[in-house]
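Thanks for coming. I will go through one model, starting with a single side chain and working outwards.

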Amino acid sequence: MDVFNIKRTTPKLKESMANRKQKQDSEEESDCPDLEYNYGDTDTHLCEMAELYSYSELEDYQTNIQEFEKIMLALDLKPSWHNLSVENKNLVASRLLDLLEVSDKTKRINAARCVLYLLQGCWAECQSDKDQQANAKENVLFLYKFGVYNIFLNLLNMEIESVQFHRKTQINCTDSTNLRIILNVLYTFVEVLRVSEFEPGAEFKEFRENLLLEIGLPYSEDHIIVKLLGMITRFCSGLASYYPMKKVLLLLWKLILVLLGGMDTLSNLKNEYRKNVDLPELQEDPIEIIKTMRSSSPPPSSTDVINAQKRGTRQKRGLIKQSSLDESLVVMDLSYQNDEDLQDYEDQQLGMDDISSMKNIQEINDYRPQTPPTPLVIKGLPWIPKVRHKDLDFFLNLTRIKFLGLKLDNDIETLIGLPDPIHESVSIFKQYMYTSLADYQIKKEEIIQRSPLVMGEDDVKQTPAEVLYQAMLPNLPQHMIALLKILLAASPTSKAKSDSINIVADILPVDVPMSFSESVKLETDINRQKEIVVKAISGILLLLLKHFKANHIYQFEFISQHLVFANCIPLVIKFLNQNLVSYVSSKNTIPILDFPTCVIGDGPDLSLDNIEVGEFPLCSWRNVYSCINLLRVLNKITKWKHSRIMMLVIFKSAPILKKSLKVRHAMMQLYILKLLKMQAKYLGRAWRKSNMKTMSTIYQKVRHRLNDDWAYGNDLEARPTDFQIEERCLRSAVDKFNARRYSQQYDDEFTPSDFSINSALGKPFNLSNEFKQHYQIWLDQEVFQNNIDWNALLTDFEI
């Protein structure tokens with residue numbers, strides 16, 4: 001009978017897969033509606049916790065509560081945590097601490113399961129999601145006071161050092177059980193730390209300050225961020241293929257986020273750094289400006305143009321007099337010159353139809369029934385134009401050569417002999433002059449490199465970004481390569497290869513699923529895991545790039561160069577070369593299996609009827625977040641770098657980016673348009689002529705550089721022969737910066753030698769607390785018990 005059922009479910013599975021493929025193809029052909037999506041540092045706390053657990057961990061929930069009941073039974077207590085008194089809770093916590101430090105590995109892991117159940121909010125005693133979240137936060141504060149976080153850091157180090165040798169060909173979820181439990185506990189601590197900023201009360205404030213202090217300790221080999229990066233490198237090298245990569249990446253992302261800060265913290269840091277070097281504060285908040293922008297209708301595809309040509313000329317519409325205000329408006333006779341004009345006209349007609357049907361809006365079955373009102377759009381360009389010092393200097397040199405036949409480098413004040421229109425142009429340039437923090441840091445570094453003895457060492461403030469950079473510096477190239485390898489393996493456009501890494505090994509079951517529902521659950525779980533991995537990596541890369549750029553430009557350039565060397569540019573282009581409309585609206589989730597829904601109340605009964613039960617948003621938050629982050633990373637590493645912009649042209653990114661404009665979200669479209677703008681001058685006149693609507697959208701939405709003729713292709717500043725020279729000079733400057741600031745050998749070379757014993761004894765020296773405690777023992781062992789031959793010290797030695 002079982003064999004018969006298997007044979008019956010196989011055609012159903014094939015039919016379901018075919019229906020999903022057909023649905024994706026239909027979505028590709030259809031237009032994407034405006035996405036109601038709010039970009040932020042993270043998703044909601046509930047969603048972030050749900051994405052930590054995979055659907056293959058359903059059995060672990062029951063195992064955790066069973067271990068908790070055993071502990072309570074051994075202490076003669078009822079298995080109800082919230083009904084215990086404070087004394088009994090302390091007793092249970094002390095018992096768990098003892099078990100976490102025993103030598104028996106099985107007992108340690110069972111105690112860790114019990115701790116995980118407590119951090120999960122004791123879900124068996126909860127009636128709703130809110131109760132579970134409140135209990136989880138309360139238990140996190142309680143267990144942190146007992147030092148549970150540091151104990152699990154030690155357990156993580158023990159699991160990393162105990163190398164497992166897998167001789168079997170396939171790895172499944174049982175191989176990573178111990179690591180998954182430990183990472184779940186640590187992630188819960190860090191995630192509650194992230195949301196504790198918005199929680200009232202002195203306990204949350206104290207918890208946040210103490211845990212942040214522990215995470216941001218000065219660089220050492222036991223730093224948790226360094227450990228996690230090492231785990232990623234070992235996983236990609238094949239030495240530890242059983243590591244649960246999704247959990248490692250999520251924990252690393254949240255640690256970097258709470259240590260360095262999100263968008264608001266970064267904006268405050270930029271203004272603080274600019275104020276410290278006497279630069280004016282930033283006048284604009286890019287995120288707030290983007291929120292006021294509206295998405296644009298995508299440009300017509302080649303298929304639309306061909307279909308329009310096949311339809312031939314359209315019938316002209318005559319001018320019809322409007323008899324009353326209730327009737328819909330009809331425009332005048334129009335002749336359509338191209339398909340873009342036709343699309344603009346259709347967009348206008350659609351807007352007029354919406355205006356005329358406002359009275360009957362309740363009768364319309366709209367796809368956005370609760371859409372908030374569109375923010376008021378300010379007339380004019382959204383961004384204040386900017387001019388670099390380099391742009392003004394370049395403009396004046398060309399003008400002086402034209403009118404005077406000479407050049408004055410780095411002189412923007414002398415205007416003698418130039419006509420009045422040039423004077424007016426220079427005054428406008430100076431009005432919008434913008435000096436970035438990066439320009440200031442580059443000039444300061446050039447002065448230090450030119451006169452190291454005179455300038456001396458600059459005072460390096462030990463900010464969290466500085467400490468993290470020092471920790472990552474020795475193995476930073478390997479870390480970037482490992483992150484991009486995992487991103488490639490998780491990309492939907494990458495093909496499975498025999499030598500590629502397996503990032504879903506920690507969710508593969510021991511036995512092959514035999515039912516249709518189990519097969520759909522496994523397929524959904526695999527796709528969901530890949531999406532979460534892409535989300536975490538994109539968040540990590542963007543945080544590192546933005547914070548290192550604010551801390552010092554050459555730290556940013558160092559990590560950017562290694563991303564370029566590791567083929568980050570073609571990888572992101574390959575990721576975007578898919579049906580993004582389908583990707584951002586994918587539904588690779590099963591709501592009834594998400595934590596904590598799957599454990600509160602009756603257990604989930606997965607069947608064909610309820611597999612799609614639940615609320616599905618119009619777009620996937622994590623997929624839109626990943627796309628925007630990868631576009632921002634691509635913008636960061638290619639901005640003002642002509643050789644890297646040429647890589648965008650060589651890898652034919654323009655049609656891929658133009659196709660990506662179908663996703664109607666203002667922020668995503670803005671970063672796509674920025675990428676198109678920087679390479680428009682290299683794409684040729686034919687491309688610009690055939691994409692006039694895209695060029696017009698760039699003009700409307702992207703910031704203007706007053707001296708940038710991106711729309712005409714007259715790039716006199718950059719020549720193809722100078723591209724490699726520019727990259728080599730940048731690499732040389734970065735290497736000199738790292739050698740000067742972080743290499744002791746470089747410091748010894750330029751430090752004056754002082755062999756005077758008086759100056760050596762006169763320098764203040766801070767003794768450690770441990771040495772001060774054992775000072776008497778040191779005197780007895782090293783001074784009083786040793787016989788010193790003073791005559792030998794006066795003997796001349798041959799050198």
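Arg703 counts as buried, at 15% relative accessibility; buried means under 20% relative accessible area, exposed over 50%, and partly exposed in between, with a 1.4 Å probe and protein chains only. Arg703 sits in the loop between α31 (692-701) and α32 (723-742). The helix names come from DSSP runs numbered from the N terminus, helices being H or I over at least four residues and strands E over at least two.

What does the side chain of Arg703 reach at 2.6 Å? The backbone oxygen of Ile384. That is listed as a polar contact, a pair of N or O atoms within 3.5 Å; within protein, one must be able to donate a hydrogen and the other to accept it, and residues adjacent in sequence count only if both atoms are side-chain atoms. With neighbours within four places in sequence left aside, Arg703 is in contact with Glu284, Trp383, Ile384, Pro385, Lys386 and Lys677. Contact means heavy atoms within 4.5 Å.

Before the rest, the ground rules. This is a predicted model, in which local features need pLDDT of at least 70 and side-chain atom pairs count only at pLDDT 80 or more, while totals for chains, interfaces and linings use all residues. Residues are numbered from 1 along each chain as its sequence is written, and side-chain values use heavy atoms, with hydrogens and water left out.

Now confidence. pLDDT is the predictor's confidence in each residue, from 0 to 100. The protein has a mean pLDDT of 82, and 78% of its residues reach 70 or more. Among its elements, α26 has the highest mean, 97, and helix α15 (residues 339-356) the lowest, 41. Over residues 313-376 the pLDDT is below 50, and this stretch has 58 contacts in the model beyond near neighbours in sequence. Residues 1-18 also stay under 50. For residues 1-18 the model has 10 contacts beyond four places in sequence.

On the overall picture, the secondary structure comes to 37 helices and zero strands. Of the 799 residues, 46% are buried. Taking contacts with a separation of 6 or more, 77% are between residues 24 or more positions apart.

Next, helix packing. Helix α22 (residues 516-551) and helix α23 (residues 553-565) pack at an angle of about 145 degrees, with axes 5 Å apart. Here axes are lines fitted to C-alpha atoms, for helices over the stretch in contact, and angles run from 0 to 180 degrees between N-to-C directions. On the α22 side the residues are Leu541, Leu544, Leu545, Phe548, Lys549 and Asn551; they meet Ile553, Gln555, Phe556, Ile559, Ser560 and Leu563 in α23. By class, this contact has eight nonpolar, three polar and one charged residues. The classes put Ala, Val, Leu, Ile, Met, Phe, Trp, Tyr, Cys and Pro as nonpolar, Asp, Glu, Lys and Arg as charged, and the others, Gly among them, as polar.

Which residues of helix α28 (residues 653-660) are buried? They are Ser653, Ala654, Ile656, Leu657 and Ser660. Seen down the axis of α28, these fall within an arc of 165 degrees, so they line one face of the helix; the arc is that of the directions from the helix axis to the C-beta atoms. Their packing partners are α24 (568-576), α25 (580-584), α26 (621-638), α27 (642-650), α29 (666-679) and α30 (685-690).

Just ahead of α28, Lys652 lies in the loop between α27 and α28. Its phi is near 55 degrees, a positive value in a residue other than glycine. Lys652 counts as exposed, at 61% relative accessibility.

Cys122 also has a positive phi, near 50 degrees. Is Cys122 buried or exposed? Cys122 is buried, with a relative accessible area of 0%, and its place is the loop between α5 (105-119) and α6.

One more backbone item: the peptide bond from Phe595 to Pro596 is cis, with omega near 5 degrees. Pro596 is in the loop between α25 and α26.

Two acidic residues to finish. Asp131, in helix α6 (residues 129-144), is partly exposed at 35%, and its side chain makes a polar contact of 3.3 Å with that of Ser128. Glu67, in helix α3 (residues 58-74), is buried at 12%. Beyond four places in sequence, Glu67 is in contact with Asn110 and Arg113.
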